[in-house]
Amino acid sequence: MNRISEHPILGPTETSPKVTFFMDGQPMEGYAGEPIAVALKAAGVMIHRYTQKAHEPRGIFCAIGRCTDCVMIVDGVPNIRTCITPLVAGMRIQTQDGVTPLEVSE
């Protein structure tokens, strides 16, 4: 199981109702209220963004909201720290490329 069961800042993840969210247009499931990064990791998503200058992949690093490696575009807003942002049903999450959405072919 790839699900993080305890967050260093938010504490243990409690089981709540499953919700559907969208990652780069694809439907995925996670638990309402868990950090977005936890739901993504459980679904096998490890890359959250690409750096602006070198286009290097980044994902979860500190998991406490101090760095910016896990930032993504959430509901159209860039630079959201997914390690501390709770998952909500229907969220639209996009891989961030610099400060814009990564071009994804559908």
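**Note on the fold, salt bridges and nonpolar core**

1. The protein chain contains one helix and 11 strands, and the model in which they appear is a predicted one. Read from the N terminus on, the elements follow the order β-β-β-β-α-β-β-β-β-β-β-β, with the helix, helix 1, spanning residues 36-42.

2. On the overall packing, 37% of the 106 residues of the protein chain count as buried. The accessible surface of the chain comes to about 6100 Å², and carbon and sulfur atoms account for 53% of that area. Where contacts join residues at least 6 apart in sequence, 45% of them link residues at least 24 apart.

3. Four salt bridges are present in the structure. One of them pairs Lys 18 with Glu 29, whose closest N and O atoms lie 3.8 Å apart. Because Lys 18 belongs to strand 3 (residues 18-23) and Glu 29 to strand 4 (residues 26-31), this pair ties together parts that are 11 residues apart in sequence. As to their surroundings, Lys 18 is exposed, with a relative accessible area of 51%, whereas Glu 29, at 46%, is partly exposed.

4. A further salt bridge joins the side chains of Arg 49 and Asp 69, at 3.4 Å from N to O. Arg 49 lies in strand 5 (residues 49-50) and Asp 69 in the loop between strand 6 (57-58) and strand 7 (71-74), so the pair ties together parts that are 20 residues apart in sequence. Both Arg 49 and Asp 69 are buried, a setting to keep in mind when this pair is set beside Lys 18, which is exposed.

5. Arg 58 also takes part in a salt bridge, its partner being Glu 56, with 3.2 Å between the closest N and O atoms. Arg 58 counts as partly exposed at 27% relative accessibility, and Glu 56 likewise counts as partly exposed, at 37%. Which residues are linked in a network of salt bridges? The network is made up of Arg 49, Glu 56, Arg 58 and Asp 69, and it therefore takes in Arg 49 and Asp 69, which are buried under the cut-off of 20% relative accessible area, together with the partly exposed Arg 58 and Glu 56.

6. Turning to the nonpolar interior, the largest nonpolar core has 13 residues, and those with the most contacts inside it are Phe 21, Met 23, Ile 36, Leu 40, Leu 87, Met 91 and Ile 93. Strand 3, helix 1 and strand 7 are the elements that give two or more residues to this core.

7. Two residues of this core merit a separate look. Leaving aside neighbours within four places in sequence, Ile 36 is in contact with Val 74, Thr 82, Thr 85, Pro 86, Leu 87, Met 91 and Ile 93. Leu 40, which lies in helix 1, has a relative accessible area of 0% and is therefore buried, the cut-off being under 20%. With neighbours within four places again set aside, the contacts of Leu 40 are Phe 21, Met 23, Met 28, Val 45, His 48 and Met 72. Between Leu 40 and Thr 82, which are 42 residues apart in sequence, the C-alpha to C-alpha distance is 9.2 Å.

Definitions and conventions. Residues are numbered from 1 along each chain as its sequence is written. This is a predicted model: local features need pLDDT of at least 70, side-chain atom pairs count only at pLDDT 80 or more; totals for chains, interfaces and linings use all residues. Side-chain values use heavy atoms; hydrogens and water are left out. Helices (H or I, at least four residues) and strands (E, at least two) are DSSP runs, numbered from the N terminus. Buried means under 20% relative accessible area, exposed over 50%, partly exposed in between (1.4 Å probe, protein chains only). A nonpolar core is a set of buried Ala, Val, Leu, Ile, Met, Phe, Trp, Tyr and Cys residues joined through side-chain atoms within 4.5 Å. Contact means heavy atoms within 4.5 Å. Accessible areas come from the Shrake-Rupley method with a 1.4 Å probe; for residues, only the protein chains shown count as cover.
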